[in-house]
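Work through the exercises below with the sequence and the coordinates side by side, and try each task before reading its solution.

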Amino acid sequence: MPIELRESFACDAEDLWNVVGDVARTDWVPDVETCAMEDDVRRMTMRGAGKVAERILECDAEKRYLRYTVIESAAPLTHHLASIEVRSSGDGSLLLWRTEAEPEAVLGFIRASMDRCVARLREIVEST
């Protein structure tokens with residue numbers, strides 16, 4: 001069963017996209033210690049998760065849509081696919097973040113990580 005977050009932000013959709021759409025930017029991901037881009041692969045070292053590599057499958061600035069998959073991790077993932085979409089919504093913006101992963105046992109860890117990311121993202125985009 002996928003994890004789906006729908007979060008409203010008190011900022012312009014473009015400002016929100018400028019953070020999440022910059023695939024080399026990780027200040028909104030609290031557990032990242034190091035990050036390096038190699039073509040379409042983002043390699044990170046993360047507290048609590050070790051080394052993680054994600055392939056960026058799609059990053060469309062016009063649609064404000066990002067899709068990625070974990071291709072290497074310490075966790076024994078058999079499947080991972082995630083997408084982030086940013087939409088305008090009233091006076092602010094809406095973040096739609098969907099992640100599917102197997103085995104199901106990793107979903108709690110992923111959900112907690114996503115929640116921390118949203119909290120940090122909110123600090124960044126709503127503080128100005």
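**Exercise 1.** Determine how many residues lie between S3 and S4 in their hairpin, and which turn residue has a positive phi.

*Solution.* Strands here are DSSP runs (E, at least two residues) and helices likewise (H or I, at least four), numbered from the N terminus. The hairpin of S3 and S4 has three residues between the strands, and glycine 48 in the turn has a positive phi of about 85°. The two strands pair in the antiparallel sense over six bridges, where pairing requires that DSSP finds at least two bridges between the strands. Within this pair, methionine 44 stands opposite valine 52 in S4.

The model is a predicted one, in which local features need pLDDT of at least 70 and side-chain atom pairs count only at pLDDT 80 or more, while totals for chains, interfaces and linings use all residues. Residues are numbered from 1 along each chain as its sequence is written, and side-chain values use heavy atoms, with hydrogens and water left out.

**Exercise 2.** Describe the hairpin that S2 and S3 form.

*Solution.* Begin with the pairing: six bridges join S2 to S3 (residues 41–46), and these strands run antiparallel. One of the partnerships links glutamate 38 to valine 41 in S3. Then inspect the turn, where two residues lie between the strands and aspartate 39 has a positive phi of about 55°.

**Exercise 3.** Work out the strand order of the sheet, and explain why one side of S1 and of S2 is left without a neighbour.

*Solution.* Seven strands form an open sheet in the order S1-S7-S6-S5-S4-S3-S2, with antiparallel pairing. S1 and S2 (32–38) stand at the edges, each with a single partner strand, so one side of each has no neighbour in the sheet. From one strand to the next the twist averages 20°, with angles taken from 0 to 180 degrees between N-to-C directions of axes fitted to C-alpha atoms, for helices over the stretch in contact. At the S1 edge, S1 and S7 pair over seven bridges, and phenylalanine 9 has serine 93 in S7 as its bridge partner.

**Exercise 4.** Identify which strands H1 touches, and which of its residues are buried.

*Solution.* H1 packs on the sheet, touching S1, S4, S5, S6 and S7 (contact means heavy atoms within 4.5 Å), and its direction makes about 155° with that of S6. In H1 (residues 13–20), Ala13, Leu16, Trp17, Val19 and Val20 are buried, that is, under 20% relative accessible area with a 1.4 Å probe and protein chains only, as against over 50% for exposed and in between for partly exposed. These residues cover an arc of only 160° around the axis, which puts them on the same side of H1.

Definitions and conventions: Arc of directions from axis to C-beta.
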